[in-house]
Amino acid sequence: MAKPKVAFFDFACCEGCQLQIANIGELLLDVLGLIDVVEFREVMSEKGPDKIDVAIVEGSITDKHAIERIKKIRERASVLIAYGACACTGGVNGMKNNFKLEDIRKEVYGDRFNYFDTVETKAVHQVVKVDYFVNGCPVYIPEFVKVLKCALQGLPYEVPDQSVCTECKLNENVCMYERGVTCLGPVTKAGCNSWCINNGNICYGCRGMVSNPNEKGAQDVIKKYNVPMDLVMNKMNMYNKCRENDKK
Amino acid sequence: MLHNLEQYVVLAKSDFDHFIVALAREQKVFAPVAKDFGQFSFEQVTEGRQVALKYIPTILPPKKYFMPQYETLATFDTSTGQNMEPVVEYEKMVLLGVHTCDLAGIQCLNMVFNERPKDLNYLIRKNKITIIGYECNDYCDKYASCRLVHNHTPNGGYDLFFTDISTDKFIVHVNTLAGEEIIEKANVFEPASEADLKALEKLRTEKRAIFAKNEVPIEHERISELFDKAYSSKVWEELAEKCLACGNCTNVCPSCYCFDVIDEPNLDLKTGKRYRKWDSCQNETFAKVAGGESFREERGARQRHRYYRKFKYPLDKFSRFFCTGCGRCSRTCMAGINLKETLSKLIDEQGMKNPNAGEVKLG
């Protein structure tokens, strides 16, 4: 059986999640033994064929050209994997949606702004159908490998819909709130094995919020620990702004 | 109340380090170790000074050694049909410094996993673990409710049990053959004297004054009745408003044992493993079934379920409370859901308050 043809694409992003592929280490050889990489701008100049088995898409959709491009990729691909925070939740690009598009263009492009169109930032699934999500900024490689295995076998992958706290507690970390630091773990989707907290950092919410967060409860906690509300809103905003598009 | 002098030995505190070093040479030793911010966890130790004998309950209870967070149950190979090989992961080890609340937690797990069909992975591993208990002479902090569930004094479930009876020595109850072997090999324990036993008795009497009455104003025997009445209580709605459903309360609970089983292929997509990992009734997806229906969608219903799993269902099934009184769920809850408070509210609501419940008549 021929190896599945896999192509990587990027939209508005830092391409850091694709770079994570290079960080896989020895496992990379096993991954490459499993797939045939036909397009990957960071490492090769060839373009893939018309039909591909798996499209791995990094980045969020931020202009009309991108909308056209992602639609074409969707048509070419049997399976589409949204890869990284920008693709899965809109990521940091979502912060653009806090401002008027006109102001944004002027800020970035100065008096030539008319040459450049822009649209409200969208996560990939807000434009085309997405089959698998690999959340995170950057992606957590063990999860990516899990998703890839599911995709290649045609099995579903469910992103954990419980908070980062569940994994953090299993790792027996001292709670950041105990340390007097605000952490978005309680409302953020697990699946990263509390990667940041294991390494002494807080959770920034890069994997997106759980589907049914207790907003009232979270506010009470924020009050209890004397955290200013706008600080938390800013933190939430960083990765979760595009969540509003899902509600529309 | 204390009987056979032969069952007791003493260890000079000056020999404690020597004992740990010698023990750690024989097998892996795990004991409470201090972490940041007044927290503790069970970690591997090789010297006495690493051990924090005075500690509040560790972040995770020792159940992590009896049922690891992730545990492989089988490996499979589908290249020539459906071949599956069972796997049991275990290692010989000593747990040292286990408080009576956590000993109770291990006893709960033993009962659950001994039920038919018996959980062999658990039972095989459990048999490789030697337990050295350690007595609490005082409350660890305000969250504990060990008196309420009668876990403030030892009720078995250990191989050896240490009690700090004076400034210079521990008295040790030798409960099993495995415990006896450790004592003999270590060669630093002395037979206990009548005076040592007297000191232990005195300490236990003093403890009766410290753990003088139930931490929550209800009689031990009436808790079952309380939960019979409280199913539709408003208190669960209050918890629903607070709860973030992070699952911390169940993960840190010494008697919560729910797990999920997952098949994961290797990268060759032919071989792979079946493993289990801790799950929690507080998680959004725990009670979700095919079709997307969840039969405990409300956070309040999930919290209620947790309480009933500690104070009601196991009482009917195993005749014991599965709350060990360790206080971990209250200590860890960032939303401030507090077990003692919840019980007190239920008691008030049902008009079952008795401020002197469980009071010990001294003298």
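**Figure 1. A cis proline in chain A, at A:Pro138.** In this predicted model, A:Pro138 sits in the loop that runs between S5 and H6 of chain A. Look at the link to the residue before: the peptide bond from A:Cys137 to A:Pro138 is cis, and its omega is near 0°. Why is that worth a close-up? Most peptide bonds are trans.

**Figure 2. A cis proline in chain B, at B:Pro117.** Here we hop over to chain B, where the peptide bond from B:Arg116 to B:Pro117 is cis, with omega near -5°. The spot to find is the loop between helix H3 (100-114) and helix H4 (120-126) of chain B, which holds B:Pro117.

**Figure 3. Two residues with a positive phi, A:Ser194 and B:Leu269.** As a rule, most residues other than glycine have a negative phi. A:Ser194 isn't a glycine, yet its phi is positive, at about 45°. You'll find A:Ser194 in the loop between H7 and helix H8 (195-198) of chain A. Is A:Ser194 buried or exposed? A:Ser194 has 23 C-beta neighbours inside 10 Å, so it counts as buried. In chain B, B:Leu269 has a positive phi too, near 60°, and its loop lies between S11 and S12 of chain B. B:Leu269 counts as partly exposed because it has 13 C-beta neighbours inside 10 Å.

**Figure 4. An open sheet in chain B.** Four strands line up in the order S5-S4-S12-S11, and their pairing is antiparallel. Which strands stand at the edges? They are strand S5 (83-86) and strand S11 (259-265) of chain B; each has a single partner strand, so one side of each has no neighbour in the sheet. Ignoring direction, neighbouring strands of this sheet are turned by 25° against each other on average. Now zoom in on strand S4 (residues 70-77) and strand S12 (residues 271-278) of chain B: they run antiparallel and are joined by 7 bridges. One pair to pick out is B:Asp77 with its bridge partner in S12(B), B:Thr271. What holds paired strands together, in general, is backbone hydrogen bonds.

**Figure 5. The two domains of chain A.** The domain assignment splits chain A into domain 1 (5-153) and domain 2 (164-247). Their C-alpha centres lie 24 Å apart. Where they touch, domain 1 of chain A brings 19 residues and domain 2 of chain A brings 16. On the domain 1 side, the largest share, 3 residues, comes from helix H4 (residues 85-89) of chain A. That side has 7 nonpolar, 10 polar and 2 charged residues. As for database names, an unreviewed UniProt entry lists residues 14-148 of chain A as "domain: NADH:ubiquinone oxidoreductase-like 20kDa subunit". Residues 14-148 are 37% helix and 16% strand, and the end C-alpha atoms of this span lie 22 Å apart.

**Figure 6. Where chain A meets chain B.** 30 residues of chain A are in contact with 30 residues of chain B. Which elements of chain A give two or more residues to this side? They are helix H2 (27-34), helix H6 (141-153), helix H7 (164-170) and helix H9 (215-224) of chain A. H9(A) gives the most, with 6 residues. Sorted by class, the chain A side has 12 nonpolar, 8 polar and 10 charged residues.

**Figure 7. An exposed loop residue, A:Asn114.** A:Asn114 belongs to the loop between helix H5 (101-109) and strand S5 (132-134) of chain A. With 9 C-beta neighbours inside 10 Å, A:Asn114 counts as exposed. From C-alpha to C-alpha, A:Asn114 and A:Ser60 are 22 Å apart in space, and they are 54 residues apart in sequence.

Note on methods: Residues numbered from 1 in each chain as written. Chains lettered and ligands numbered in written order. Predicted model: local features only at pLDDT ≥ 70, side-chain atom pairs only at ≥ 80, totals over all residues. Buried ≥ 20, exposed ≤ 12 C-beta atoms within 10 Å, placed from the backbone. Pairing = 2+ DSSP bridges. Axes fitted to C-alpha atoms, helices over the stretch in contact; angles between N-to-C directions. Domains from an automatic or database assignment. Contact = placed C-beta atoms within 7 Å. Nonpolar A, V, L, I, M, F, W, Y, C, P; charged D, E, K, R; others polar. UniProt positions renumbered as here; feature names shortened; annotations may be inferred.
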